[in-house]
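Please find below my comments on the model under review. They are set out as numbered points, to be read alongside the coordinates.

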Amino acid sequence: MKITLLLFVLLFSGTIALAQTRDVSGTVSDKSDGSPIAGANIIVKGSTSGTTTDANGRFTLSVPVNSNRLIVSFVGFLTQEVDITSMTNITITLEASASELEEVVVSVGRGSQRTITDTPLPIDNFTATDLRTTGQITFDKALQYRVPSFNTVNTPVNDATSLFDPYELRNLGPSRTLILINGKRKNLTSLVYTQTSPGRGETGADLTAIPTDAIKRVEILRDGASAQYGSDAIAGVMNIILKDNYDGTTVTLNTGSTLNYGGQAYSLNYNSGASLPNNGFINSHISFSHQDAAIREDKIDAASDIRDLTDGSANAINGVNNFLARFPDGLNKNGTPENTSAKFLLNGALPVGENSEIYANAAYVYRKTLSNANYRQPYWRIDQGLLHTRIPGAPDYTGDDYTGGPNGAAVQAAFAADKAAGLYEGYLGYQPSFDGDLSDYNGTIGLRSQNLGGWKQDMSLTVGGNKMLFTVNNTVNRALVKNSPVSFKPGGFAFNHLVGNIDFSRPISDKFFIAIGSEFRSENYEIIAGDTASYSSEGANSFPGFQERNAIKANRFNIGAYLDLNWDITERFLIGGTVRTENYSDFGAANVYKLTSRYKIGDMVTLRTSVSSGFRAPTLHQQYLSLSQASFSGGDIVITGLANNFSREAQLLQVPKLKAEKSNNFTFGVGYNPNSNFSLTADYYSIRIKDRVIYSNEVSATVAGVDVSNISFFINAAETKTSGVDVVASVRNLTVGSNKLGFNLAGNYTISNELIGGWEGVKSTPILEANNQDLFNQTQESLMTTSRPKYKVIVGADLTAGKFYFNLNNTIFGPTTFNNADLDDNLFIEFKTKVLTDLGFTYNASPKASFSLTAQNILNVMPEYVMKAHNPTGAAILADEAQKQEQVSYITFNGRYPVLTYDGAHFSQMGTTFLFQFTYKF
């Protein structure tokens, strides 16, 4: 309570004496060419007093005599704080934000501090404005339309996955990109993604937990960085820099919706803080948001449902046709889930003494989602006692014999006959729903010191955690017949970590730099059992609970140390190297290295390269997850088992304990920067991963008289090779009359992303080989290697015209291919290349108020696939229209998911979306 009161006082107390004022005049101009900036905002720091510049860039402002700092800002330029002590007339120059970013000292990576144009590493840098102008509400979806090698998309089927959309950098899954908050490791989510969609078997940090309005900038290191940071940094590192000053209180209101499918969204964001003594600060952020479910109404194919979900009798055929004539979509809800969240964040620093500061940040997120399983039409599922209405006088078929009893078949037949005769006209089936409750938190406290005998020191302690609890409503456990509840608590997951870091660095000379450091990390993972009814026998229909025997608490710890050296041999030639050793309590040691170099040719061209080894420790989730999961195949519910690597089933099948993945990375790049208004970089990368952890097929075998049936598990069994090219170019500050125009291009092209030896080459165990059991298949290979775009290019332009700012972005999503689970093995599908166009504008009405409107996918482009053949057998199927349509029904669940199919696509199926934003600065 004392801490809460103290923060309240720091953030909201204080008064400003306004009795005496003085007039301050001046001009604001563009640093690059001296042209005046009209409409720039001038605000007295810590107050609501402000004005804007006129057409000639001039302003006059009454300033309290005890106020000596102005905040000057304008869209497309870096905000500047100006000291006006004893001044009445000033000249202010602003630098274009994109140009300024090239001179920002990057935080990601170890070693001496360098700017983006000076670093030997490929690094992207995005401002809060870059993210905000995408018009996306969540941080992960904003990155989708700013970073070509970053991909994420909502999946067509939502249950626990509605709380976590897998993302990928360079097509390597979420678990191979390390996420940092202010340079410190962010905790993983507690969920392992188990759907047959991109990201299968993976986990990662929850990017949606990070409020976009609290971010100052995002740095993305597109290179392996295990030597610098340890596990998970095979594809790269994303460092999220929080706002680190206080220049007033800002309130932002957002609202938006899809054009055709609902999904109304609302959010309120409040950013404030306080200035502390000696240039210290606290920045605080609170946001509340809600998004309704966006629902597509896609037509179900009656003939396919008759084939897959009925016995083909006349009564059954009539039942299907009558129901779908009344409800063509079968009442199915295909789309994005309902989502409500609250986010709280603090970031601050306080200097102590002359050379040290205490810093801290903390965040807490609560999110609740409501999603839906496939609708159980009356001809598909007739579960006793659940939501069906009998006409008065009709027989009651809810006794113990309804399912499984000695007279079960006769009772069900009688029920079907009575229903066909109209005695159950009120029965419409039912829709199981899934509620997810998520809590995610992280916090860091640390001490930075300068000049400790020439050394810089940074000591910190970081904590973080994620917990998910689930509720399943409006369904039954069919095995419990009339005793079944209709609401279940199937359990959940929890994960937390504690990380301690200590880093030292210093220049040995003006050309040689050294950094050393160590990290300790403790991790805990928990499976939380559900109530008995949720997992007894078949379990809750649509989402069985986690059994008590699978509930577990697991822990591990590791300690690591690194040494980093950088040598500027000349002003143009740099070499560097890093070595790291780590020891884990569960699988042992890992030793990795990295070598980097940069060479400048004149003042305009830079060559850079790196070679490194890396590793990824198997997560506790992958080692200990054990559960039963319901999935669909041709409309049937299939209960499958996932055995962890310590289970009796794994021992019988000779599945070894998990060990670390190992990687080898190589990059080579060139940068061309002739002036502050033009830049071009191109980087080639190659990443080879051995002992890659996979989530296996379901396998069966008989061992020593014991039948092990339909069991899957995690195993180090794959080797992959990924290579590609990243290109980034921008042209800034082109003058069009009194306006400023800029262009940008960013692209990623995947040269190869292959599973060495194909799915047949995945390593198995002797027992499974003897039983002719395949660990992997075509479906899983395509999810791992081709389910993200072959290439993605973002081409944009922005125009600053007085108080108006316009931006246009075109995102080109290249082709993706899937070998869907229910598709004939001789066929595959390819999603076509598509271009999504986003248009946005911002109007700065005053120094305090601004409005913006963004239309995403303004041309309402949808994913579109074509079915293709692997061989002549597949070609014969495609030549027969009836067989082709049968295959379409298999991958779309008879038309329920016609756009994404059951496995997913490369971008959203929701079409045009609008977002309106109003910002007011106090």
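**Comments on the predicted model**

1. Among contacts in the chain between residues at least 6 apart in sequence, 70% link residues that are at least 24 apart. The structure is a predicted model, and its secondary structure comprises 15 helices and 45 strands.

2. On confidence, the average pLDDT of the chain is 85, and 87% of the residues reach a score of at least 70. Residues 98-106 remain under 50 in pLDDT; the model nevertheless gives this stretch 31 contacts beyond four places in sequence. Residues 629-639 also have a pLDDT below 50, with 34 contacts in the model beyond near neighbours in sequence.

3. On burial and surface, 56% of the 922 residues in the chain count as buried. The exposed area of the chain is about 35,700 Å², of which carbon and sulfur atoms supply 55%.

4. The largest nonpolar core contains 58 residues. Phe139, Leu143, Met238, Ile240 and Phe493 have the most contacts inside this core. Strand S33, spanning residues 678-695, is the element that gives the most to the core, contributing five residues.

5. Which residues does Met238 contact, leaving aside its neighbours within four places in sequence? Met238 touches Phe139, Leu143 and Phe150, together with Leu178, Ile179 and Leu180, and also Val218, Glu219 and Ile220. Two of these partners, Phe139 and Leu143, are named with Met238 among the residues with the most contacts inside the largest core.

6. A second core is separate from the largest one and has 22 residues. Its members include Ala650, Val655, Ala718 and Val762.

Notes:
Residues numbered from 1 in each chain as written. Predicted model: local features only at pLDDT ≥ 70, side-chain atom pairs only at ≥ 80, totals over all residues. Heavy atoms only, no water. Helix = DSSP H or I, 4+ residues; strand = E, 2+ residues; numbered from the N terminus. Buried < 20%, exposed > 50% of the residue type's maximum accessible area, 1.4 Å probe, protein only. Contact = heavy atoms within 4.5 Å. Areas by Shrake-Rupley, 256 points an atom, 1.4 Å probe, with all protein chains shown as cover. pLDDT = per-residue confidence, 0-100. Core = buried A, V, L, I, M, F, W, Y, C linked by side-chain atoms within 4.5 Å.
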